[in-house]
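The following exercises concern strand pairing and aromatic contacts. Please attempt each task before reading its solution.

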Amino acid sequence: MSDRSLAGEELLTARLSLRRPTEADIEAIFAIHSDPATCLHNPSDALARPEEAEELYQRWNNQWQSSGYGYWVVRRHDSPPPLGFCGVKPMELNGMNVLNLFYRFATSAWGQGFASEAAIAVTGWVSRHVPDLQLIARIRPANAASQRVAVRAGLMRAEHLDGPGYDGFDWIYAAKLPS
């Protein structure tokens with residue numbers, strides 16, 4: 001995708017607003033990624049220092065600049081503090097170029113359907129704007145909540161793609177796969 005005009009696109013759902021991160025979101029990036037509960041299944045994503053949140057924001061921003069999409073900051077319409085993050089990044093999986101669906105939310109937002117609502121919005125956006133790439137989610141076998149979000153967003157188990165990930169064995173969920 002080379003159309004950078006989509007880079008500022010805001011996604012709206014019934015309860016949520018998803019927009020591109022800015023430097024003002026670095027504090028929220030650190031707060032959410034430094035909480036041990038939010039990175040329980042992906043400990044390599046945990047942040048220990050605020051500087052790491054700045055570096056992570058820069059990687060996210062570079063992704064937006066190079067691809068025109070990335071991770072969105074998720075907020076309720078009626079409340080400015082971020083609930084979490086949801087979006088996609090390109091990666092390679094078993095020799096295929098794919099988009100990996102990511103969602104991570106503050107523990108205070110868990111159990112309210114926000115991750116599913118955001119993931120559904122992102123999945124819809126991807127199907128309209130980046131239909132040539134397969135959409136997948138890499139999920140730890142013990143992370144039942146994340147698995148439910150993936151299924152609600154329209155992804156299905158793709159056991160033949162399961163394999164080692166950064167923090168252990170990944171189960172793969174996929175929206176579509178080549179025949």
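The 5 bridges between E3 and strand E4 (residues 79-93) join strands that run antiparallel. The model is predicted: local features need pLDDT of at least 70, side-chain atom pairs count only at pLDDT 80 or more, and totals for chains, interfaces and linings use all residues. Residues are numbered from 1 along each chain as its sequence is written, and side-chain values use heavy atoms, with hydrogens and water left out.

**Exercise 1.** Determine how strand E3 is paired and how far it is covered.

*Solution.*
1. Helices (H or I, at least four residues) and strands (E, at least two) are DSSP runs, numbered from the N terminus; two strands pair if DSSP finds at least two bridges between them.
2. Strand E2 (residues 16-19) is joined to E3 by 4 bridges, and the two run antiparallel. Leu-16 has Arg-76 in E3 as its bridge partner.
3. Towards E4, Trp-72 has Cys-86 as its bridge partner, and a hairpin through 2 residues connects E3 to E4.
4. Of the 6 residues in E3 (residues 71-76), 5 are buried. Buried means under 20% relative accessible area, exposed over 50%, and partly exposed in between (1.4 Å probe, protein chains only).

**Exercise 2.** Classify the ring pair Trp-60 and Tyr-71.

*Solution.*
1. Rings of Phe, Tyr and Trp (its six-membered ring) pair if their centres lie within 6.5 Å; planes under 30 degrees apart count as stacked, over 60 as edge-to-face and the rest as tilted.
2. The ring centres of Trp-60 and Tyr-71 are 5.1 Å apart and their planes stand at 80°, so the pair is edge-to-face.
3. Trp-60 belongs to helix H2 (residues 50-67) and Tyr-71 to strand E3.
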